[in-house]
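Good morning, colleagues. Please take a moment with the sequence and the structure before I begin my remarks.

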Amino acid sequence: DAEARGFDMVVDCNLTSDVPLPKIDFHQLFCCGECMGEYRVRTSAGAMRRQLAALERGVCQECGVDCSAVCNTLRALPEPQREGALRE
C-alpha cells in the first residue's frame with residue numbers, strides 16, 4: 001500500500017502518487033478559500049451540517065418545523081420529561 005510506504009494521497013481523487021509529494025500547507029492545495037470550503041463540505045460531515053444549518057436556519061424544508069426551537073425547548077426540560085415531550 002502506497003500510504004504505508006510513505007507516499008501521499010492526491011487530494012481530490014484519493015489516488016496515490018508514484019513518488020512522495022512535497023510536504024506543503026493544506027491551504028496551498030486550493031486556488032482560493034471558496035474551493036477549499038467546497039472541498040471541506042464534500043469531505044466532512046461536520047462541515048456539511050454547519051453549512052446546511054446556516055442555509056436552513058434550523059427549519060425543516062419538508063414540514064416547516066423549527067427544529068432549533070424544538071431542541072432548545074427539550075434541552076430546557078429536565079431529562080426525565082424530554083421523552084414524553086417528544087411524544088406530544
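Among contacts in the protein chain between residues at least 6 apart in sequence, what percentage join residues at least 24 apart? The figure is 7%. Please bear in mind throughout that this is a predicted model.

Let me turn to the overall architecture. The protein chain has four helices and zero strands, and read from the N terminus its elements follow the order α-α-α-α. Of the 88 residues in the protein chain, 12% are buried. Its accessible surface amounts to about 7,300 Å², and carbon and sulfur atoms account for 55% of that area.

A word on confidence is in order. The average pLDDT of the protein chain is 75, with 73% of the residues scoring at least 70. Residues 1–9 have a pLDDT below 50, although in the model this stretch makes 18 contacts beyond near neighbours in sequence. Where pLDDT is low, one should not read the predicted coordinates in detail.

I now move along the chain, beginning with helix α1, which covers residues 33–43. Which of its residues are buried? They are M36, Y39 and V41, and the buried residues of α1 pack against α2.

Helix α2 itself comprises the 12 residues 45–56. Its geometry permits a simple check: at 1.5 Å a residue, helix α2 should span 16 Å. The C-alpha atoms at its ends are 16 Å apart, so the model agrees with the expected span.

Directly after α2 comes R57, with a positive phi of about 55°. I draw attention to this value in particular since R57 is a residue other than glycine. R57 belongs to the loop between α2 and α3. Is its side of the chain covered or open; that is, does R57 count as buried or exposed? Its relative accessible area is 67%, and because the cut-off for exposed is over 50%, R57 counts as exposed.

Finally, let us consider the surface. V65, V70 and L86 form a nonpolar patch there, and together these three residues have about 240 Å² of accessible area. One of them, V70, is located in helix α3, residues 67–76. The relative accessibility of V70 is 37%. This value lies between the cut-offs of 20% for buried and 50% for exposed, and V70 is therefore classed as partly exposed.

Thank you for your attention.

Technical notes
Residues are numbered from 1 along each chain as its sequence is written. This is a predicted model: local features need pLDDT of at least 70, side-chain atom pairs count only at pLDDT 80 or more; totals for chains, interfaces and linings use all residues. Side-chain values use heavy atoms; hydrogens and water are left out. Helices (H or I, at least four residues) and strands (E, at least two) are DSSP runs, numbered from the N terminus. The expected span of a helix is 1.5 Å times one less than its number of residues. Patches are made of residues with over 30% relative accessible area and no salt bridge: like charges are joined within 9 Å, nonpolar side chains (Val, Leu, Ile, Met, Phe, Trp, Tyr) within 5 Å. Accessible areas come from the Shrake-Rupley method with a 1.4 Å probe; for residues, only the protein chains shown count as cover. A salt bridge is a side-chain nitrogen of Lys or Arg within 4 Å of a carboxyl oxygen of Asp or Glu. Buried means under 20% relative accessible area, exposed over 50%, partly exposed in between (1.4 Å probe, protein chains only). Contact means heavy atoms within 4.5 Å. pLDDT is the predictor's confidence in each residue, from 0 to 100.
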